[in-house]
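Biologist: Could you take me slowly through one part of this protein, namely its salt bridges? I am in my first year, so please explain each term when you use it.

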Amino acid sequence: MNNQPNKFITVIVPVFNDSKKLKLCLNALENQTYPKHLYEVIVVDNASEEDIKSVSVCFAQTKFCYEGCPGSYTARNKGISLAKGEILAFTDSDCIPASDWIEKGVNSLLNIPNCGLVAGKIDLFFQNPDRPTSVEIFESIYLNFPQQEKLQNLHYGMTANIFTFRHIFDDVGYFDGTLKSGGDRQWGQRVFAAGYKQVYADDVRVAHPARHSLSQLRKRVARLTGGKFDRMMSHNPSTTEIVGDLVETFKPPFRSLYHAWTIEELKNIQQKLQFIFIMLFVRYVVIVEKLRLYLGGNSQRG
């Protein structure tokens, strides 16, 4: 590695009941091209029922801490409070960063004046690339991680793969720990509103497994629905806005169903029918979760 800036980096990884995938993540972070004396990894156990500490202490670069208040953004805030780094990097416990992830992320961040955040590419992968499940295909088409699109259109990057400076948090504040989902969007938009530049870096890469079962998909859809609901309610919506949200929730998905027949990735009738089934399942989960939230339930963790 040539002409590498002498910057200390803290990588923050929140985790909840995911020790098997965490081990893969930490192994990738242990073997980075960035000098080992210039980075640390902080694993924040967010009240897991699994033994996260015994996995974390196996890696020399990793420090372990615990956050009992549920929520990944609360866990990330705990990591920020303990971080030594001038630069902070975020990924998730089920992600596998490329070997040059830190190196490329730091270079991208430092090469842009007044940079507030760098959002890297998130590559989905299947358990069996030759035989993806219908859920994996659905997620790769409809629920993937379009970092560049999010950054350009909505002014944020997903915390599975972002780099930023510590002083940005000092300026715009930490993540909203009350949110179970969407805190990266809220924080990123605060960074944008403060006048900082935001950059997409295609060569700053992590791999993320696609959900492959209905139960995994249900958890993600419920979490995303709860995050959207929490963001809406935080703005004290009017009755008209609430009614509009309910109308949108129950609106028949005719357009989406029609669109399923035109998707090029779906090669035959069987795949199209399976895809439509998954779409209807997701719609069902959204309706049930939205009704539960309007009746006083709390948003769920992923």
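Modeller: What follows is a close look at the salt bridges around one acidic residue, and then at some others. This is a predicted model, in which local features need pLDDT of at least 70 and side-chain atom pairs count only at pLDDT 80 or more, while totals for chains, interfaces and linings use all residues. Residues are numbered from 1 along each chain as its sequence is written, and side-chain values use heavy atoms, with hydrogens and water left out. A salt bridge here is a side-chain nitrogen of Lys or Arg within 4 Å of a carboxyl oxygen of Asp or Glu, and by this rule the count comes to 12.

E139 forms a salt bridge with R220, with the closest N and O atoms 2.7 Å apart. Because E139 lies in helix α5 and R220 in helix α9, this pair ties together parts that are 81 residues apart in sequence; helices are DSSP runs of H or I with at least four residues, numbered from the N terminus. E139 also meets R211 in a salt bridge, at 3.7 Å from N to O, and R211 sits in the loop between β8 (197-209) and α9 (214-233), 72 residues from E139; strands such as β8 are DSSP runs of E with at least two residues. E139 is buried at 0% relative accessibility, R220 is buried at 7%, and R211 is buried as well, where buried means under 20% relative accessible area, exposed over 50% and partly exposed in between (1.4 Å probe, protein chains only).

Elsewhere, K121, D123, D202 and R205 are linked in a network of salt bridges.
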